[in-house]
Amino acid sequence: MLQNEAKIVALGAAANAACETTAPSKAAVSAAVAYLTGKTDKAAFVKKSAKSPLYARLIAVADGNAQECTAESFCAVHKALYEPKAKCGELRSGELTLTGGSCTPPNLLRGSLKNVLAKLEQVQGAPAASKTDFAANLCCYLRELLILSPFTYGNDAARRAYLQNFCMQRGFLLNYAAVSKKELTASETTAFASDDPQPLFTLLVKCLSYQREEPPKKRRARTVPAPARQLPEKAPAEKEKAPRKTITAPAKSGHEEIAAAERRNRVAVPAPVAARPPLPDKPTGEKQPLEKATAEPQKATRTETEILRELKDVQRALAALTVRVSELIKDLSDKS
């Protein structure tokens, strides 16, 4: 398991344990990360988390092998967390009432739990499903598990641990530490007591992240090498001068000497300079360069496209939620 994944799993399990008993120490969380990444053995981790036995068992469940979504696997998680306590891993045989209403009757537990987990098994994960769509589907079945509460005790811890493993199998990480303890318990209570799953959906979007997502590395500033210094050329005085050859000119006649004197005394007339065309008048308002003027609208259009895409994802998710909630209300009405 990667370092970032192990840290999210350890923190999520710590938040789960804090809702049931007491929060584990920072040393226990660090030991859990080292254990999940293979840097230490299980005995050293258990020793560090001796004061939080439930946390040690939650980490052991998170490190277990992947299983299919069945009633047996759900009961196995509950047994691993609470063994050797009485009736651990067994479906309850009596009525259970929570804040906001009564749970599923015991005679309907096994069939209802099998049906819900069979539907949960069909949920697609990443990259086929986006985080928003995955959270919408998970919200529906999580609310059904809240209504079922199949065990006499420990339903919340077992359910959170089971869903944390399920998300890892689907390419997501479920970090309960991304929200406060109050927000976590309040959203679950609201989803159980009312027909409004919106708080639970919002919580899942906050807690979910894509698996194998490493933190971005800091980019180093690119250093531009300084231009190489060029040695100045030697002054003309330092250059080695080749010996000049003296050329003796032939003797000139009288006419040639007169013509040469006239050439020396002649004044050179410079060629006429072509007149430069007048510069155009400078406009009063300076226009921005074309590249800079066109870059900003493109940036704005790209941002609006991303916002529109996100809004469409949320709209599809809410539509799926509405359909699913309607089905649940109809099913519950038929059962009652």
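These legends go with a set of close-up views of a predicted model.

**View 1. The whole chain, before zooming in, has 12 helices and 4 strands.** Of the 336 residues in the protein chain, 35% are buried. Take the contacts between residues at least 6 apart in sequence: 75% of them join residues at least 24 apart. As for confidence, the mean pLDDT of the chain is 80, and 72% of its residues reach 70 or more. Residues 282-300 are a stretch to treat with care, with pLDDT below 50 and, beyond near neighbours in sequence, 1 contact in the model. Where pLDDT is low, the predicted coordinates shouldn't be read in detail.

**View 2. Phe-134 and Phe-172 form a stacked pair of rings.** The structure holds 8 aromatic pairs. In the pair shown here, the ring centres are 4.4 Å apart and the planes meet at 15°, which is under the 30 degrees that stacking requires, so the pair counts as stacked. Phe-134 comes from helix H7 (residues 131-148) and Phe-172 from strand S3 (residues 172-174), so the pair ties together parts that are 38 residues apart in sequence. Both of these phenylalanines are buried. Pull back a little and the pair turns out to belong to one aromatic cluster, made up of Phe-134, Phe-166, Phe-172 and Tyr-210.

**View 3. Lys-85 lies over the face of Tyr-153.** The distance to look for here is 4.2 Å, taken to the centre of the tyrosine ring.

**View 4. Asn-16 is a buried residue in helix H1.** The helix spans residues 3-20. Asn-16 has a relative accessibility of 1%, so it counts as buried. So what surrounds Asn-16, leaving aside its neighbours within four places in sequence? The residues in contact with Asn-16 are Leu-58, Asp-156, Ala-157, Arg-160 and Ala-161.

**View 5. Ser-73 reaches from helix H5 to the backbone of Glu-68.** Helix H5 covers residues 71-82, with Ser-73 among them. The side chain of Ser-73 comes to 2.9 Å from the backbone oxygen of Glu-68. At 4% relative accessibility, Ser-73 counts as buried because the cut-off is under 20%. Beyond neighbours within four places in sequence, Ser-73 is in contact with Gln-67, Glu-68 and Tyr-162.

**View 6. Pro-106 sits in a loop and meets residues from earlier in the chain.** The loop runs between strand S2 (101-102) and helix H6 (109-121). Is Pro-106 buried, exposed or partly exposed? With a relative accessible area of 23%, Pro-106 is partly exposed, since the buried class ends at 20% and the exposed class begins over 50%. If neighbours within four places in sequence are left out, the contacts of Pro-106 are Arg-92, Ser-93, Gly-94 and Glu-95. One of these, Gly-94, is 12 residues from Pro-106 in sequence, with the two C-alpha atoms 6.0 Å apart.

**View 7. Cys-140 takes part in no disulfide.** The count for the structure comes to 0 disulfides. For Cys-140, the nearest cysteine sulfur is that of Cys-139, 5.8 Å away; a disulfide would need the two sulfurs within 2.5 Å. Cys-140 is buried, with a relative accessible area of 5%. Another cysteine, Cys-103, also counts as buried, at 5% relative accessibility.

Methods: Residues numbered from 1 in each chain as written. Heavy atoms only, no water. Helix = DSSP H or I, 4+ residues; strand = E, 2+ residues; numbered from the N terminus. Buried < 20%, exposed > 50% of the residue type's maximum accessible area, 1.4 Å probe, protein only. Contact = heavy atoms within 4.5 Å. Phe/Tyr/Trp six-rings, centres within 6.5 Å; stacked < 30°, edge-to-face > 60°. Lys NZ or Arg CZ within 6 Å of the ring centre and 35° of its normal. pLDDT = per-residue confidence, 0-100. Polar contact = N/O pair within 3.5 Å; in protein donor to acceptor, adjacent residues only side chain to side chain.
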